[in-house]
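Got the viewer open? Here's a short tour, with something to select at each stop.

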Amino acid sequence: MNRRNFLKIAGGGVILAAGGTTLFATTRTPETALAPWGMAGSYSDPRMNALSHAILAPNPHNRQPWVVCLDGEDSLTLFFDTDKQLPHTDPFDRQLTIGLGCFLELLRMAAQADGFATDVTLFPEGEAEDGLDERPVAQVTFASADAVVDPLAAHILNRRSNKEPYDTARPVPPQALDRILAAAQQTQLGGSIAADDIAYWRAQTTEALMIEIETPHTYKESVDLMRIGKAEINANPDGIDLGGAFFDAMNKAGIMTRESILDTTTLVHSGGVDAVVANTQTAMGHVWMITQGNTRRDQIAAGADWLRVNLACTAEGIAFQPLSQLLQEYPEMSALFEETHQRLAPDGGTVQMLARIGYGPDIPVSPRWPVEAKIATT
């Protein structure tokens, strides 16, 4: 039951996520949702094989903002789904653009391993600094080439954002951090496992989370995207999933609802706050990414490298969770935003992403919930 198991094709049919065997299909009727699938990663069309990997890309709030049009026999066009914007926490679509960069990097890696080069033209009809629109993000043409398997590609199916407390008795080895930071190809990666830096970033990321929670419009944006229990996840399989028997029971009992999560006087709200703080306070190191500019192309490049650093952590057996609230561009976060840039990019540049790392509980490869995305054909 994979969270991102297929792309739905307009007019019928699906592209299944690579490695999928059984999935909980996107349908509004759960009683007919289970179905076996065996086509994952084995399409005759190389574009579909590559897409079956690309849909596993990390992206903000699991919005999965990609729309793909298959063009002719050897090309595709990637668009941004304007319905997936996060106007309060990502007002300029910067983080969502980074997610699209992750998507394109996975597409490239999968195509290359399958013996196809990808010629990518970014924003062929132009771009806007203040937000993404309906113009294409990228046009991609596939051509036969020698197969080249990126060593990180072996970890695509196991990559996760581990949102559990980490083991504070188990430090991250310096050699592992060095290998992780070497994964970048286009941006500047930094990181630290020094005790003073860990304490500093634990405090900063906790404060940033509390600002987001205590700012009504930013908190509500996240709560509105929570999918509580199986039925909600099935009906809207994107966003922030709260799945499993516990959440199902709490939701059916009327205890865990969006209203109770938003109500700061409830135990549901305080318990949620305690859970996210437990995560920030158990970080055993942090990594960050800087680009010299902040154009859409810089953000796409950031996405490619952010995907690579996540895969590099997976290769090391190290847990990884983005904590980039303090980089969000809204007024209530401005002081932390400026402080972070002064510390990490004093000579200029944009800090695009920040994450905590450490050793956490194993996150199983499955179950994960499916999502419905859009593909059109021309």
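Start by selecting residues 46–54, which make up helix α1. This is a predicted model, and in it α1 is mostly covered, with eight of its nine residues buried. To see which ones, color Pro46, Arg47, Met48, Asn49, Ala50, Leu51, Ser52 and Ala54: these are the buried residues of α1. Arg47 and Asn49 are both on that list, so don't skip them when you show side chains.

Next, move along the chain into the loop between α1 and β5 (66–71) and pick Gln64. Check its backbone: phi is positive, about 45 degrees, although Gln64 is not a glycine. Is Gln64 buried or exposed? Its relative accessibility is 2%, and the cut-off for buried is under 20%, so Gln64 counts as buried.

Now for another residue with a positive phi. Select Asp93, in the loop between β6 (75–80) and α2 (94–113). Phi here is about 60 degrees, and Asp93 isn't a glycine either. Asp93 has a relative accessible area of 2%, so it is buried.

Now hide the loops and show two helices: α4 (residues 195–214) and α11 (residues 334–344). They pack against each other with their axes 11 Å apart, at an angle of about 155 degrees. How do α4 and α11 run relative to each other? Angles over 145 degrees count as roughly antiparallel, so that is the label for this pair. The crossing of α4 and α11 is left-handed.

Turn on side chains for the contact itself:

- On the α4 side, select Asp197, Tyr200, Trp201, Gln204, Glu207, Ala208 and Ile211.
- On the α11 side, select Leu336, Glu339, Thr340, Arg343 and Leu344.

Color this set by residue type, and the contact of α4 with α11 divides into six nonpolar, two polar and four charged residues.

Finally, zoom out to the whole protein chain, where there are 11 helices and 15 strands. Of its 378 residues, 53% are buried. Draw the accessible surface: the total is about 15,900 Å², and carbon and sulfur atoms account for 54% of it.

If you like contact maps, make one as a last stop. Take the contacts between residues at least 6 apart in sequence: 74% of these join residues at least 24 apart.

Terms used
Residues numbered from 1 in each chain as written. Predicted model: local features only at pLDDT ≥ 70, side-chain atom pairs only at ≥ 80, totals over all residues. Heavy atoms only, no water. Helix = DSSP H or I, 4+ residues; strand = E, 2+ residues; numbered from the N terminus. Buried < 20%, exposed > 50% of the residue type's maximum accessible area, 1.4 Å probe, protein only. Contact = heavy atoms within 4.5 Å. Areas by Shrake-Rupley, 256 points an atom, 1.4 Å probe, with all protein chains shown as cover. Axes fitted to C-alpha atoms, helices over the stretch in contact; angles between N-to-C directions. Parallel < 35°, antiparallel > 145°, perpendicular 65-115°, else oblique. Left-handed = near helix turned anticlockwise from the far one by under 90°. Nonpolar A, V, L, I, M, F, W, Y, C, P; charged D, E, K, R; others polar.
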